[in-house]
Amino acid sequence: EVKEYRVGELMALQSEISKQKMEKLIDQEVKILVDGPSDDHPWVKVGRMATQAPEVHGQVFIDGSDEDIEAGKFYSVKITQAQEWDLAGEVLS
């Protein structure tokens with residue numbers, strides 16, 4: 001259908017726009033609020049920037065996160081990877 005085609009076209013365009021914006025954050029330091037362990041990988045923590053609403057926007061996955069990183073606290077994270085909707089980074093000491 002025309003409607004489904006248009007939605008697909010718009011989502012593809014938005015995906016590319018989002019990826020370009022996310023890639024600009026690579027090597028940047030951002031402040032994130034840690035939500036807790038990832039649903040997919042319990043040894044990886046996830047959080048979000050102030051610009052990322054829960055269940056609406058992407059997440060920040062914290063690489064090499066250890067048990068000292070607590071949910072509900074803010075951390076400075078250096079972004080190391082970017083995808084269309086999600087980011088990955090490392091906590092700065």
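## The nonpolar core

The largest nonpolar core of this structure brings together 13 residues, and those with the most contacts inside it are Ile 32, Val 60, Val 77 and Leu 87. Three elements give two or more residues to this core: S1, strand S3 (60–62) and S4. Of the elements, S4 gives the most, with four residues. Keep in mind as you look around that this is a predicted model.

It helps to set this core beside a general tendency. In soluble globular proteins, nonpolar side chains tend to be buried together. Across the protein chain, 29% of the 93 residues count as buried.

## The overall fold

Let's step back to the whole chain. The protein chain has one helix and five strands, and reading along the sequence gives the pattern α-β-β-β-β-β. Its C-alpha atoms fill a box of roughly 50 × 25 × 20 Å along the principal axes.

The five strands close into a barrel, and the order to follow on screen is S1-S2-S3-S5-S4, with mixed pairing. On average, neighbouring strands of this sheet are turned by 50° against each other, direction ignored.

## Strand S4 and its partners

S4 is a good strand to trace, with a partner on either side in the barrel order. With S1 (residues 29–37), S4 (residues 74–82) pairs in the antiparallel sense over five bridges. Two positions show how these strands line up: Val 30 has Val 77 of S4 as its bridge partner, and Lys 31 stands opposite Ser 76 in S4.

S4 also pairs with strand S5 (residues 87–91), again in the antiparallel sense and over five bridges. A hairpin of four residues joins S4 to S5. Here Val 77 turns up once more, with Val 91 as its bridge partner in S5. So which residues should you colour to see this region? Val 77 is worth picking out, being bridged to Val 30 and to Val 91, and being listed among the residues with the most contacts inside the largest nonpolar core.

## The largest pocket

If you are thinking about open space, the largest pocket holds about 240 Å³. Its lining is made up of Ser 18, Lys 21, Met 22, Leu 25, Met 49, Thr 51, Gln 52, Val 56, His 57, Gly 58 and Trp 85.

By class, this lining has five nonpolar, five polar and one charged residues. Lys 21 is the charged one, while Met 22, Leu 25, Met 49, Val 56 and Trp 85 are the nonpolar ones.

Conventions: Residues numbered from 1 in each chain as written. Predicted model: local features only at pLDDT ≥ 70, side-chain atom pairs only at ≥ 80, totals over all residues. Heavy atoms only, no water. Pairing = 2+ DSSP bridges. Axes fitted to C-alpha atoms, helices over the stretch in contact; angles between N-to-C directions. 1 Å grid on protein atoms, 1.4 Å probe; cavity = no way out; pocket = protein on both sides within 12 Å on 5 of 7 lines; lining within 4 Å. Points joined across faces, edges and corners; volume = space filled by probe spheres on them. Core = buried A, V, L, I, M, F, W, Y, C linked by side-chain atoms within 4.5 Å. Buried < 20%, exposed > 50% of the residue type's maximum accessible area, 1.4 Å probe, protein only.
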